[in-house]
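Visitor: I have the sequence and the model open in front of me, and I would like to go through the reasons behind the terms used for it.

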Amino acid sequence: MKPLWIMYWRLSAEKSAVCQAQLKSQIPVLAADTAVILDNMILGKPKNQADALAMLSLLSGKTHQVYSAISLRGRKHGQAFSITEVTFRHLTEREILEYWHSGEPVDKAGSYAIQGMAGAFVESIKGSFSGVVGLPLFETAKLLSEQGIELFK
C-alpha cells in the first residue's frame, strides 16, 4: 500500500495542471492540498454537525498529523510536502459543541482551523504552522525561488 502522503502529492499536481490548462498560459500556478490524519485515518471536511463533533472528539487529547502538498507550475513543475504533528489538549463536549456553533469548522479538514479559535485547543505543534493552515510558506517560497520568482526584491 502506498503511503497516504503520495495521494496528496498527486492531488496538488493534478490541481495545478488543470488550472494551468484552463488558463492556457504559462503563468505560474500554485495549488495545494491539505489533510488531517489520525492513526492512518483521513479526517476530511465535515459533512454535518455530527461528523464535525465526532472528528473533534477523536482529536481530543491526541496527536495527529497534517499533510500539506504543494505544486507550482510555471516554466517547470515543482512540488513540495510538509508534515506537521499537532497535539490537542483534552476537549470537553461543551467546547466542541460551542466551537461547532461558531461556524469555523464547517469547511475545514479535521473540522478545525488552527489560525482561529481552535488554536486554543493546540497543546503543541511540531512542524509548520502555515502548513496546518493549508499552505506551507517555507516550502512555497523555496519552490517560487527555484522558478526565479523572488518574494523579497
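**Reading the turn, the sheet and the pocket**

Guide: In this predicted model, Asn-40 has its place in the loop between β1 and β2, and Asp-39 lies in that loop as well.

Visitor: Why is Asn-40 called exposed?

Guide: The relative accessibility of Asn-40 is 66%, and exposed means over 50%, so Asn-40 counts as exposed.

Visitor: What makes Asp-39 buried or exposed?

Guide: Asp-39 has a relative accessible area of 66%; set against the cut-off of over 50%, that value makes Asp-39 exposed.

Visitor: What is there to say about phi of Asp-39 and phi of Asn-40?

Guide: Phi of Asp-39 is near 50°, a positive value in a residue other than glycine, and phi of Asn-40 is near 65°, again a positive value in a residue other than glycine. Most residues other than glycine have a negative phi.

Visitor: What do β1 and β2 form, and how many residues are between them?

Guide: β1 and β2 form a hairpin with 2 residues between them, and Asp-39 is in the turn.

Visitor: How do you know that β1 and β2 pair?

Guide: Two strands pair if at least two bridges are found between them, and 3 bridges join β1, residues 29-38, to β2, with the two strands running antiparallel. The bridge partner of Val-36 is Leu-43 in β2, and that of Ile-37 is Ile-42, also in β2.

Visitor: What makes β1 and β3 a pair?

Guide: β1 and β3 are joined over 9 bridges in the antiparallel sense, where at least two are required, so the condition for pairing is met. One position to look at is Ala-31, whose bridge partner in β3 is Ser-71.

Visitor: How do you know that β3 pairs with β4, and β4 with β5?

Guide: The requirement is at least two bridges; 11 bridges join β3 to β4, which run antiparallel, and β4 and β5 pair in the antiparallel sense over 4 bridges. Leu-72 has Gly-78 of β4 as its bridge partner, while Val-86 has Ile-125 of β5. β3 and β4 also form a hairpin, with 3 residues between them.

Visitor: What is the order of the strands in the sheet, and why is one side of β2 and of β5 left without a neighbour?

Guide: The 5 strands form an open sheet in the order β2-β1-β3-β4-β5, with antiparallel pairing. β2 (41-43) and β5 (122-126) stand at the edges and have a single partner strand each, so one side of each is left without a neighbour in the sheet. Neighbouring strands are turned by 30° against each other on average, direction ignored.

Visitor: Which strands does helix α2 touch, and which does helix α5 lie across?

Guide: Helix α2, residues 49-59, packs on the sheet and touches β1, β2, β3 (63-73) and β4 (77-88), its direction making about 125° with that of β2. Helix α5, residues 137-146, lies across β1, β3 and β4 and runs at about 170° to β4.

Visitor: Why is β1 called mostly covered?

Guide: A residue is buried if its relative accessible area is under 20%, and 7 of the 10 residues of β1 are buried, so the strand is described as mostly covered. Across the protein, buried residues make up 42% of the 153 residues.

Visitor: What is the volume of the largest pocket, and which residues are the closest to its centre?

Guide: The largest pocket has a volume of about 300 Å³. Its lining has 19 residues, of which Thr-34, Lys-45, Asp-107, Lys-108 and Ala-109 are the closest to the centre. The elements that give two or more residues to the lining are β1, β2 and α4 (129-133), and β1 gives the most, with 3 residues.

Visitor: How many residues of each class are in the lining of the largest pocket?

Guide: By class, the lining has 12 nonpolar, 4 polar and 3 charged residues. Lys-45, Asp-107 and Lys-108 are among the residues closest to the centre, and Lys and Asp count as charged.

Visitor: How many helices and strands does the protein have, and in what order do the elements run?

Guide: The secondary structure comes to 5 helices and 5 strands, which run α-β-β-α-β-β-α-β-α-α from the N terminus on.

How values were computed: Residues are numbered from 1 along each chain as its sequence is written. This is a predicted model: local features need pLDDT of at least 70, side-chain atom pairs count only at pLDDT 80 or more; totals for chains, interfaces and linings use all residues. Side-chain values use heavy atoms; hydrogens and water are left out. Axes are lines fitted to C-alpha atoms, for helices over the stretch in contact, and angles run from 0 to 180 degrees between N-to-C directions. Contact means heavy atoms within 4.5 Å. On a 1 Å grid over the protein atoms alone, a cavity is a set of points where a 1.4 Å probe fits but cannot get out, and a pocket is an open set with protein on both sides within 12 Å along at least five of seven lines; lining residues have an atom within 4 Å of a point. Grid points are joined across faces, edges and corners, and a volume is the space filled by probe spheres set on the points. Buried means under 20% relative accessible area, exposed over 50%, partly exposed in between (1.4 Å probe, protein chains only).
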